Amino acid sequence: MPRKRFDLTFPPRQATKPITYHLARDFDLVPNILRAQIQPGQEGRMLLELTGAKGDFEAGIAFLENEGVTVKPAATDIRLDDELCVRCGLCTAVCRPGALVMGETGDELVFDKDKCVYCEACVVACPRRAVTLTF
Amino acid sequence: MAKSWEEINSRIAAGEAVVFTAEEFAELARDEGVSAAAKRVDVVTTGTFGPMCSSGVVLNFGHSDPPIRMSRITLNDVEAYGGLAAVDTYLGVTQPSASRGLEYGGAHVIEDLLRGRSVRLRATSGGTDCYPRTEIDTWVTLEELNQAYIFNPRNAYQNYAVAVNSGDQAIHTYLGTLLPRFGNATYCSAGALSPLLNDPTYRTIGVGSRIFVAGAPGFVAWEGTQHNPNQNRDEHGVPTGPAGTLAVIADLKQASAEYFSAGSFTGYGVSAFVGIGAPIPVLDEEIAATLALTDADLTATVIDYGVARRSRPALGRVTYAQLRSGSIEVEGKTVPTGPISSLKVARRIAAELKSWVAERGFTLAQPLQQLPQPGTQGVRPLEIRTEEAI
């Protein structure tokens with residue numbers, strides 16, 4: 001069954017239905033929350049992985065959009081600008097899943113795509129603005 | 001065995017000096033002993049490349065016709081100091097741009113100048129009889145400036161804190177984003193390659209020392225601000241927290257963007273990564289013993305930045321080898337670590353300085369004046385007083 005990742009943005013005042021429950025019960029989609037930051041009165045973000053049949057995706061996304069949630073396909077890779085990057089390692093400090101780490105010699109970045117949840121913490125942390133997400 | 005400065009310099013001048021980086025020297029000392037390493041090697045080179053906020057440049061623009069006595073000055077919309085002579089200024093790296101905020105600042109202007117880009121200079125003035133012009137709007141390049149020199153009041157901190165956050169919210173600091181509940185630990189030192197960690201009591205690095213500054217040959221101008229030789233020290237006499245600092249000077253025209261790189265630290269502000277390297281003469285076995293120390297010997301103190309006070313709680317010491325391993329133990333918890341100071345560029349600086357000394361006759365200068373020594377001064381706090389209390 002296809003699996004896709006979505007980047008969800010919730011408006012600040014959202015009397016949100018339990019969306020993952022509805023996605024599972026009403027649309028037969030298996031939700032897996034990779035990252036979520038939702039606080040009352042603030043814009044919320046969720047990185048959601050859905051597994052299901054093709055038609056169900058479309059219906060599920062329509063449901064989310066109807067609830068006022070902005071749905072975008074999530075990033076699938078990060079790009080590191082070699083010219084800008086000074087290998088300071090600050091991105092590794094904020095990478096919770098441990099996808100970006102300093103290599104064995106301590107002076108090179110190693111990126112493990114499988115561990116990345118595309119949370120953008122590295123993008124924000126990079127003082128050289130050398131990291132970008134790609135879709 | 002003892003070598004004099006003169007002996008070492010004559011070997012450098014003849015192209016015969018044996019020069020190792022601090023990492024190479026530590027390996028040699030491990031394999032052959034400190035004594036043999038001290039005998040064989042003349043000079044050890046060091047390097048560091050981290051954000052150093054107390055940095056900036058002195059610039060002289062030359063005079064326009066009619067001339068102007070610039071009092072409010074901006075470069076690419078970043079304010080520079082207008083309280084010097086007519087066309088002199090000081091641009092600090094942390095000054096944010098009026099239009100682009102923290103995404104662009106003094107450090108970015110300097111990097112643009114180093115990359116040969118034109119920078120927009122705008123200035124205003126009240127106008128005087130001798131300087132009638134009241135406004136100027138033009139473009140300048142590094143090449144055209146009369147003088148452009150780096151003058152950094154505080155660089156090359158001798159050791160630094162390891163930052164953690166015990167609080168419930170992520171905080172944005174000059175040591176990066178600290179995740180809540182000890183979610184991460186950041187540190188900022190070149191460790192065994194760091195200039196002042198290799199000369200813990202400032203025997204060979206002092207006022208007048210010839211050093212590597214952002215790719216240019218430069219000098220130690222003075223003790224750096226907040227120079228604190230009285231920091232706690234370990235059994236090797238090496239500080240376990242932020243201690244000595246250097247004020248440095250060098251020609252910006254000979255510097256390189258590779259070793260002077262602007263940075264925007266989210267939620268904190270603009271700073272610059274500055275490359276500093278110092279060559280250390282292997283005068284005797286005492287110096288050699290310190291030069292032989294590795295990341296496994298050098299420690300830093302873990303500080304809780306979740307407490308927003310001047311005195312933040314210390315939560316023990318860890319070695320740089322532990323920090324580089326990717327995680328440390330804090331309060332019984334395994335905490336992932338991340339560096340801020342680039343080891344890659346620090347190694348490149350130590351290697352480049354090695355080639356300056358070994359191949360290009362970069363001789364060493366004995367300090368004209370020692371930096372303040374342990375026992376002589378600490379660092380004073382700023383008390384908040386009212387006029388009535390004076």
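## A walk through chains A and B

Start by selecting Ala156(B), which sits in the loop between β12 (147–155) and β13 (162–164) of chain B. Keep in mind as you click around that this is a predicted model. Look at the backbone here: phi of Ala156(B) is positive, about 55 degrees, even though the residue is not a glycine. Is Ala156(B) buried or exposed? It's buried, with a relative accessible area of 3%.

Now jump to Phe182(B), in the loop between β15 and β16 (185–187) of chain B. Here too you'll find a positive phi in a residue other than glycine, near 55 degrees. Phe182(B) counts as buried because its relative accessible area is 14%, and the cut-off for buried is under 20%.

One more backbone stop: select Asp65(B) and Pro66(B) and check the peptide bond between them. That bond is cis, with omega at about -10 degrees. To place it in the fold, find Pro66(B) in the loop between β4 (56–60) and β5 (72–75) of chain B.

**Rings**

Next, show the aromatic side chains. Over all chains, the structure holds 12 aromatic pairs. One of them is Tyr157(B) with Tyr160(B), an edge-to-face pair at 5.2 Å centre to centre and 70 degrees between the planes. The label edge-to-face applies because the planes are over 60 degrees apart. Tyr160(B) itself is buried, at 17% relative accessible area.

Now widen the selection. Which residues make up the aromatic cluster that Tyr157(B) and Tyr160(B) belong to? Add Tyr174(B), Tyr268(B) and Tyr305(B), and you have the one cluster they form together.

While the rings are on screen, look for lysines above them. In chain A, Lys4(A) lies over the face of Phe57(A), 4.9 Å from the ring centre. In chain B, go to Phe20(B): the charged end of Lys354(B) sits over this ring, 5.8 Å from its centre.

**Where the chains meet**

Colour by chain and turn to the interface. How many residues of chain B are in contact with chain A? There are 28, and they meet 20 residues of chain A. The area buried between the two chains is about 1,800 Å², and carbon and sulfur atoms give 53% of that.

For the polar side of things, the interface of chain B and chain A has 13 residue pairs in polar contact, both residues at pLDDT 80 or more. To see which parts of the fold are involved, select β15 (176–178), β20 (260–265), β26 (333–339) and α7 (343–359) of chain B: these are the elements that give two or more residues to the side touching chain A. Of the elements, β20(B) gives the most to that side, with 5 residues.

There are also 4 salt bridges across the interface of chain B and chain A. Try Arg128(A) and Glu111(B), a salt bridge whose closest N and O atoms are 2.7 Å apart.

**Last stop: Ser261(B)**

Stay in strand β20 of chain B and select Ser261(B). Ser261(B) counts as buried, at 2% relative accessibility. Its side chain reaches the backbone oxygen of Ala257(B) at 3.0 Å. Leaving aside residues up to four places away in sequence, Ser261(B) touches Val86(A) and Arg128(A) on the chain A side. Within chain B, the contacts of Ser261(B) are Phe49(B), Glu111(B), Ser271(B), Ala272(B) and Phe273(B). So both partners of the Arg128(A)–Glu111(B) salt bridge are in contact with Ser261(B), their heavy atoms coming within 4.5 Å.

Note on methods:
Residues are numbered from 1 along each chain as its sequence is written. Chains are lettered from A and ligands numbered from 1 in the order in which they are written. Side-chain values use heavy atoms; hydrogens and water are left out. Rings of Phe, Tyr and Trp (its six-membered ring) pair if their centres lie within 6.5 Å; planes under 30 degrees apart count as stacked, over 60 as edge-to-face and the rest as tilted. Buried means under 20% relative accessible area, exposed over 50%, partly exposed in between (1.4 Å probe, protein chains only). A charge sits over a ring if NZ of Lys or CZ of Arg is within 6 Å of the ring centre and within 35 degrees of the ring normal. Buried area is the accessible area (1.4 Å probe) that two parts lose on being put together, summed over both. A salt bridge is a side-chain nitrogen of Lys or Arg within 4 Å of a carboxyl oxygen of Asp or Glu. A polar contact is a pair of N or O atoms within 3.5 Å; within protein, one must be able to donate a hydrogen and the other to accept it, and residues adjacent in sequence count only if both atoms are side-chain atoms. Helices (H or I, at least four residues) and strands (E, at least two) are DSSP runs, numbered from the N terminus.
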